[in-house]
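Visitor: I have just started learning about proteins. Could you walk me through this one and explain the words you use?
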Amino acid sequence: MRNKRNATIALVLGTLACLVSGWLLLRGATSLETFPLNTLNPQGRKADIIYSLVVPVFAIAGLVFILVEVGVLWMAARFRRNHDDVEGVGEPVQVHGNTGLEIGWTIVPAVILAVVAVFNANAILQMDDTNADAIDVTVVGQQWWWEYRYDIDSDGTVDIITATQMVIPAGRDVKLAIQSRDVIHSFWIPALNGKMDAVPGRTHPLVIEAADPGIYEGQCTEFCGLSHGVMRMQVKALEPAAYDEWVQRMTTAPEQPTDEKALAGQEVFVQQCTSCHQINGLEPGAEAPYLYADLPNPNYGEDVGSTLLSQNAPNLTHLMMRDTFAGNLLDLYQGDSAVAVETTVGSAEAVPSGEPDTNNLKKWLRNPEDIKPMDPENNQGMPNLGLSEEQIDQLVAFLVTLK
Ligand SMILES: [Cu+2]
């Protein structure tokens, strides 16, 4: 009696758990704000292909699941051992070795899998094709942030280099070439496509497209050490005209600051920061702005013939053109939220507006390891540089001009 009651309770609770999680999943599918990493909420061409594969396969698998479960329950009830049964007496007819059944349950699953394979192959073929106006972006994973390189004029050299937030034109395919500078990472913007590993020494292709302007969140999904859990990224999709404006800004050097504090900050920057970070147009110790050329960098292969490369750290030339920093952990602008997802048409801007969040920048400069676990002794992440409050003030005054 007791066992029976426990079994009933377990069954009811189990069913409830399934229903509640199913309901949460469906609810989640309708809101990117509450579930920004939901794969069941496709926002672009490629994610749609995956979604339209998931739905029929899930339906078929669900049907099989129900049939099998009902069969199991029916058999358990129907052929239950009776208390009065004596060994061997009243046993049901044994069907072991029934040829019809054996052939049947070999053929039926084979047919089901063959049908699913048609959907599968069709989806895989569709995942690779791109439209003629696709743009190219090289994605480089690094402990613990993402770098993006654009070759805007397709001449084989990098024209734009940025970090954390990838800006793309809405409605156009983006061909990603995914690489890693250290260990294996995995690039994943669930609303736009599936995951793709970033493996040192290899280049993996992935195509993404966002149907509408908006900000789409992502997360590194291959364990990559200390700060793996906060190695996040964003894709910001812009209207075509806004994207052109962004490209224009990103390929123009920010104006040299005139403010005294910012100039002092620039000087501190040249002394303290340029061993790792690059700002295009700055030469350590030089009077006039100058483009870093031929900066020796063991981390890049010969093939990257570019003057824009930094040393193992985000290029800061246009820092304030991103909305967030430090791997999407902190906001660069007040009132922004690193996890706020805007998917309404037209909400994403080419040039972030609003007041810079200088407190966040100061917090970062006081001690980056307070914000994000890193291991600078082993060349992973940014060290505490022991800056004075005055230096920090000056540095921030300079950094906010980088737009
Ligand atoms: Cu990672």
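Guide: In this predicted model, helix α6 (residues 358–366) packs against helix α8 (residues 389–399) at an angle of about 130°, and their axes lie 10 Å apart.

Visitor: Why are α6 and α8 called oblique to each other?

Guide: Angles of 65 to 115 degrees count as roughly perpendicular and those over 145 as roughly antiparallel. The angle here is about 130°, which fits neither range, so α6 and α8 are oblique. Their crossing is right-handed.

Visitor: Which residues of α6 and α8 meet?

Guide: From α6 come Thr358, Leu361, Lys362, Leu365 and Arg366, and they meet Ile392, Leu395, Val396 and Leu399 of α8.

Visitor: Let's turn to the sheet. What makes β3 and β8 edge strands?

Guide: The open sheet has five strands in the order β3-β2-β1-β5-β8, with mixed pairing. β3 (160–163) and β8 (204–208) each have a single partner strand, so one side of each has no neighbour in the sheet. On average, neighbouring strands of this sheet are turned by 25° against each other, direction ignored.

Visitor: How do you know that β2 and β3 pair?

Guide: Pairing requires at least two bridges. Strand β2 (residues 145–150) and β3 have four, in the antiparallel sense, so they count as paired. Arg149 stands opposite Ile161 in β3.

Visitor: Which residues touch the most other members of the largest nonpolar core?

Guide: Of its 45 residues, these are Val139, Leu192, Ile208, Tyr216, Val235, Ala237 and Leu238. Leaving out residues up to four places away in sequence, Val139 touches Trp146, Tyr148, Leu176, Ala177, Ile178, Gln179, Phe187 and Ala198. Another core, of 19 residues, lies apart and includes Cys273, Ile279, Leu316 and Val400.

How values were computed: Residues are numbered from 1 along each chain as its sequence is written. This is a predicted model: local features need pLDDT of at least 70, side-chain atom pairs count only at pLDDT 80 or more; totals for chains, interfaces and linings use all residues. Helices (H or I, at least four residues) and strands (E, at least two) are DSSP runs, numbered from the N terminus. Axes are lines fitted to C-alpha atoms, for helices over the stretch in contact, and angles run from 0 to 180 degrees between N-to-C directions. A nonpolar core is a set of buried Ala, Val, Leu, Ile, Met, Phe, Trp, Tyr and Cys residues joined through C-beta atoms within 7 Å. A residue is buried if 20 or more other C-beta atoms lie within 10 Å of its own, exposed if 12 or fewer, and partly exposed in between; C-beta atoms are placed from the backbone. Two residues are in contact if their C-beta atoms, placed from the backbone, lie within 7 Å. Angles under 35 degrees count as roughly parallel, over 145 as roughly antiparallel, 65 to 115 as roughly perpendicular and the rest as oblique. A crossing is left-handed if the near helix is turned anticlockwise from the far one by less than a right angle, and right-handed if clockwise.
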